[in-house]
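Student: I should like to learn how to read salt bridges, helix faces and nonpolar cores in a model. Could we work through one together?

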Amino acid sequence: MQNVGRSTLTRRLDIVDLVRKDGEARVEELSARLRVSSVTIRSDLNYLEQQGYVVRAFGKARYNPALQNSAP
């Protein structure tokens, strides 16, 4: 399920954008949309949570409510 030509940074930015637009997203949904494994998505979500962009819940992620008012 490798998506050749996409950088990790680009994929993570896409994840943040999708989660922000939809409010939340499930790991399986992100995996299918971005055409990478669920393990890759979970790794990306862990990183994004550490950076404060998302809040993890079992099997999904929500956009960090603290950032809601600062989004363009």
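Student: How exposed is Glu-28?

Tutor: Please bear in mind that this is a predicted model. Burial is read from relative accessible area, where buried means under 20% and exposed means over 50%. Glu-28 has 46% relative accessibility and therefore counts as partly exposed. Its salt-bridge partner is Arg-26, with N and O 3.9 Å apart. Arg-26 is likewise assigned to the partly exposed class, at 41%.

Student: Which residues are joined into one network by salt bridges that share partners?

Tutor: Arg-11, Arg-12 and Asp-44 form that network. For the pair Arg-12 and Asp-44, the closest N and O atoms are 2.9 Å apart. Arg-12 belongs to helix α1 (residues 8-22) and Asp-44 to helix α3 (residues 38-50), so this salt bridge ties together parts that lie 32 residues apart in sequence.

Student: Are Arg-12 and Asp-44 buried or exposed?

Tutor: Arg-12 is buried, with a relative accessibility of 18%. Asp-44 is buried as well, at 1%.

Student: Where is Arg-11 found, and what is it in contact with?

Tutor: Arg-11 is found in helix α1. Its relative accessible area is 11%, which means that Arg-11 is buried. When neighbours within four places in sequence are set aside, the contacts of Arg-11 are Arg-6, Leu-34, Val-36, Thr-40 and Asp-44.

Student: How many salt bridges are there in total?

Tutor: The count comes to seven. Another of them pairs Asp-17 with Arg-20, the closest N and O atoms being 2.8 Å apart. Both of these residues lie in helix α1, three residues apart, which is about one turn of the helix. Asp-17 is partly exposed at 27%, and Arg-20 is partly exposed at 28%.

Student: Let us turn to helix faces. Which residues of helix α2 are buried?

Tutor: One lists the buried positions and then looks down the helix axis to see how they are spread. In α2 (residues 27-34), the buried residues are Val-27, Leu-30, Ser-31 and Leu-34. Viewed down the axis of α2, they fall within an arc of 100°, so they line one face of the helix.

Student: What do the buried residues of α2 pack against?

Tutor: Their packing partners are α1, β1 (24-26), α3 and β3 (60-63). Leu-30 shows this at the level of single residues: beyond its neighbours within four places in sequence, Leu-30 is in contact with Ile-15, Leu-18, Val-19, Ala-25, Arg-35, Ile-41 and Leu-45.

Student: What is the phi of Arg-35, just after α2?

Tutor: Arg-35 takes a positive phi, of about 55°.

Student: How should one read the nonpolar core, and how many residues does the largest one have?

Tutor: In soluble globular proteins, nonpolar side chains tend to be buried together. Here the largest nonpolar core has 15 residues. Those with the most contacts inside this core are Ile-15, Val-19, Leu-30, Leu-34, Ile-41, Leu-45 and Val-54. At least two residues of the core come from each of α1, α2, α3 and β3.

Student: Which element gives the most to this core?

Tutor: Helix α1 does, with four residues. Helix α1 also holds Arg-11, the buried residue that belongs to the salt-bridge network with Arg-12 and Asp-44.

Methods. Residues are numbered from 1 along each chain as its sequence is written. This is a predicted model: local features need pLDDT of at least 70, side-chain atom pairs count only at pLDDT 80 or more; totals for chains, interfaces and linings use all residues. Side-chain values use heavy atoms; hydrogens and water are left out. A salt bridge is a side-chain nitrogen of Lys or Arg within 4 Å of a carboxyl oxygen of Asp or Glu. Buried means under 20% relative accessible area, exposed over 50%, partly exposed in between (1.4 Å probe, protein chains only). The arc is that of the directions from the helix axis to the C-beta atoms. Contact means heavy atoms within 4.5 Å. A nonpolar core is a set of buried Ala, Val, Leu, Ile, Met, Phe, Trp, Tyr and Cys residues joined through side-chain atoms within 4.5 Å.
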